[in-house]
Amino acid sequence: MADGIKDKVAIIGMGCTKFGERWESSLEDLAIEAMVECLEDAGIEKNEIQAAYIGNCYDEVGIGKSAVHLAYALKLQHISVTRTENYCATATEALRAATYAVASGAYDIVLALGAEKLKDTGFPGLPAGGGGTGSVISGASGTGPGTFALLAPPYSKKYGIEMDKIKEAMAHVSVKSHANGAMNPKAHLRKPITMEQVLHAPIIAHPLGLFDCCGVSDGAAAAIVTTPAIAKKLKPNQDIVKIKSIQLSVASGEEMSYTSWDGANLITTQTAASKAYEEACVNDPREEINILEVHDCFSITEMITMEDLHISPKGGAYEDIMSGFYDLDGKIPCQVDGGLKCFGHPIGASGLRMAYAVYEQLLERIPDERKVKNVRLGLTMNLGGDPAKGVVSVAILGKD
Amino acid sequence: MVGICSFGGYVPRYRLNRGTIVQSMAWINPIIMAHAQGEKAVANFDEDAITMAVAAGIDALQGIDPASVEGVYLASTTMPYKERLNAAIAVAPLNVPDQVRAADFSGGLKAGTTAILAAIEGVESKNINNILVASADCRLGRPGSTQEIIFGDAGAAFLIGDTDVIAEFKGSYSVTYDFADHMRGSDTRFDRQWEERWIRDLGYADFIPEVINGLLDKYQMKISDFSKVIYPCNNRGGRKKINGKLGISPEIEQSNLQTEIGDSGTSLPLVMLANALEDANPGDRILVVSYGSGCDALFFEVTEQIKNRKNNRGISGSLANKAALDNYTKYLVWRNILPVETGMRGEVSDFTALSTLWRRQKEINGMWGSRCKKCNTPQYPPQRICANPECGSVDQMEPYAFADKTGHVITYTGDMLASSFDPPSIYGRIDFQDGGRCNFDFTDCDLEDVKTGTPVTLSFRKKYHDRTRDIVGYFWKAVPVKEVKKNG
């Protein structure tokens, strides 16, 4: 295997907007807000940025076909600016591109930025359409909650776990995230919820109820990446957050056109996680990873992801979730900032928002009430598209 | 010998109790109370004349090699296209060869029998054999009208040929009059008719006796020579009058299924014929009469071959598979009579890239996938590189038909967010018994009918109607079945 990018690139600054229904703000406003915070944190001037990768998913309501429009809004001075897009992994792709740009030696200081303005689409949930002409003339219906709901029946069947128990674990997932999000001023949804509320909520896509679904919001997040040497020079008195790994796995068609896949655990997540651990030299994630920011677009996704990240045993997510293993005071707190559940999921921003949550914890720059002790390695994970035909990114950030 | 070699029928699953229509609409037109008996068969929101004709056609082709079919005649007055051959759309889902002769028979309601006659005479010419005549109608009456409560949706199909004939064609007689008792102009949705008494007395009760007497005279026969007499007329008084004029006894009068289905227009005499053939015995003589801008009368004699007929669904099987549509406004929405709020998801443009559709027409309208010649894995949609990770062969595929395969549900959901005229939108993933996997919308079912492992068959349905460009797109949906017939 190639050397990988472990410890070759450091993050010296990050920014993250308040996520929510930002009716007063444009996509440009959000991007500027994230970039300004990020530059302040990095302690550099904008003209020190040598290249930028900007993630945005819904180009039809966003920045258009390239990054030119946002380069203009941000007044990036005739540098290399490229748009990245890969469903829900869009922002992690921006970070990956920036990381590779630095690791290759092509640039020293690079901006990764992700932004999305969902609330101007008018849709409840994610906008429909955009699947191309093929999705109009053939195939089945599908919405975000619907395609993820399809994970539940095969999971129930595979492990012989009754749907009532799955609903209970899913409810715990959402209650836990809301408890975390309630403490975070940048989160969109800031109300704690109860198991009863979750279990009695209206059904959106069987078996997912309203509180099994993440919010829909606007937001942006950004990171400045550089070499560890430059980072040390710029930040002599603080821990240096380094990128330990970023891996991606995309469905091959085995899931949808062959009949071997069980439809419960994701080949993509398991593959991306294994590769990320290998790249980051993590041997036992259950013991070595300290916090998780995963793709809880729907509570069922988070539940299954706990197994696919090789942290809970297969079929064992229920026990871990219900025992509080992933709660804020558990062994590996998950969604310490509130997750997609409370931040909402402005597609092009989420991956960097997750990195921001881990970065804050690594640098211990958060109030005690939501601070996790002794964080050395944190993992972010995005799952984009249909779980049966999608993309998964896993990134591990850490400090020495 | 030329005649009917096989037949099939189709009645949509949903039935609207006519009392429900009366409750909703008699306030404006109390006369509809006179027609309150029984139920009206209602096409699902994803059905139209083409999908119902295809369903009847597939039923008629049970156990028959579709490659032997040389013609497809579609009869309906409610086809989705005025220009674009509707019968051509049916070719791929029927899985008949591209080299068929195809035609639409439309206009008057006797178009169904005229299509059968054209098929018979084509086969008699020895220039063509095995013509599938498929008919379905989905006619609209204005809300509160007599037509609305009388009409019902259904289809029937017949394979006309010269081998293994189960009902031999013995002769016919036709009359044609521009008797404009009812009509729809080319820009009109709803049927408009003249006074019912005039239609009954000068229409049905004159022309039907005229054409039957014409046929009896032509072939020197008596009405009592027939074991079944089939003629459309939804007016009970009219039927009594006709039966009296011609001496049609109750034993030989074939039910018009008015209380089970309703008047299915072009299809009605064909639906009645398919229903009659289900119980026919060798030697039975069947007289079939249509009505609409005149009449055709056709005379068949059932052969010994009827004993070998395939046990397909037919009209009686379709009638048995029913579910109540207990909501009149749902009917109005399904027929696009009542505008409803579909949310922004319902407003998304269903733009059809016609060149893409053409390139993929066998895949989409015919449900053709591919099977790897190296590892025998069926796959849908058709692939060039085998999806089996152990194989991965390139360009080693052969066409593979999925339309007639059975499968079972491996996962499903009922989605309230997706735009649907019958929420929740039920969809999920199917594994086929002989291999292959695909996601499908489910239709003709409730969420309670679907579980993991539920067996399904596929049905050709409307996928969307792009009203901006007036393009109807079709695809296949999964229908849960109680019992899966074994392949072969």
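How far apart are the mean positions of the positive and negative charges of chain A? Keep that question in mind while you open the structure, which is a predicted model, and start by selecting chain A. With its 37 positive and 50 negative charges displayed, the two mean positions turn out to be 3 Å apart.

**Chain A as a whole**

Colour chain A by secondary structure, and you can trace 16 helices and eleven strands. If you then reduce the display to the C-alpha trace and orient the view along the principal axes, the chain spans about 55 × 45 × 45 Å. The radius of gyration of chain A is 20 Å, which agrees with the value near 21 Å that a compact globule of 400 residues would have.

Switch next to a surface representation, where the accessible surface of chain A comes to about 13,800 Å² and carbon and sulfur atoms account for 52% of that area. Beneath this surface, 64% of the 400 residues of chain A count as buried. Should you draw the contacts between residues of chain A that are at least 6 apart in sequence, 78% of them join residues at least 24 apart.

**The two domains of chain A**

Now select residues 10–121 together with 218–241 of chain A, which the domain assignment gives as domain 1, and give another colour to 144–209 together with 243–399, which it gives as domain 2. Each of these domains is thus made up of two stretches of the sequence. Placing a marker at the C-alpha centre of each domain of chain A shows a separation of 24 Å. To see where they meet, select the 46 residues of domain 1 of chain A that are in contact with 35 residues of domain 2 of chain A.

**Chain B as a whole**

Move on to chain B, where the same colouring by secondary structure brings out 13 helices and 22 strands. Along its principal axes, the C-alpha trace of chain B spans about 75 × 55 × 40 Å. A compact globule of 488 residues would have a radius of gyration near 23 Å, and the 23 Å of chain B agrees with this.

With the surface of chain B switched on, you are looking at about 19,900 Å² of accessible area, 49% of which belongs to carbon and sulfur atoms. Buried residues make up 59% of the 488 residues in this chain. Of the contacts in chain B between residues at least 6 apart in sequence, 72% join residues at least 24 apart. If you display the charges of chain B, the mean positions of the 54 positive and 60 negative ones lie 2 Å apart.

**The two domains of chain B**

Select residues 3–334 of chain B for domain 1, and then 348–367 together with 402–480 for domain 2. The C-alpha centres of these two domains of chain B are 28 Å apart. Their contact takes 22 residues from domain 1 of chain B and 21 residues from domain 2 of chain B.

**A last stop at B:Val481**

Finally, centre the view on B:Val481, in the segment after strand E22 (471–480) of chain B. Is this residue buried or exposed? B:Val481 is partly exposed, because its relative accessible area is 21%, whereas a buried residue would have to be under 20%. Leaving aside residues up to four places away in sequence, show the neighbours that B:Val481 touches, namely B:Pro455, B:Val456 and B:Thr457. Then add B:Ser174 to the selection and draw a line between the C-alpha atoms: B:Val481 and B:Ser174 are 307 residues apart in sequence and 42 Å apart in space.

Key. Residues numbered from 1 in each chain as written. Chains lettered and ligands numbered in written order. Predicted model: local features only at pLDDT ≥ 70, side-chain atom pairs only at ≥ 80, totals over all residues. Heavy atoms only, no water. Helix = DSSP H or I, 4+ residues; strand = E, 2+ residues; numbered from the N terminus. Rg over C-alpha atoms; globule rule 2.2 N^0.38 Å. Buried < 20%, exposed > 50% of the residue type's maximum accessible area, 1.4 Å probe, protein only. Contact = heavy atoms within 4.5 Å. Areas by Shrake-Rupley, 256 points an atom, 1.4 Å probe, with all protein chains shown as cover. Lys, Arg positive; Asp, Glu negative; His and termini not counted. Charge placed at Lys NZ, Arg CZ, Asp CG, Glu CD. Domains from an automatic or database assignment.
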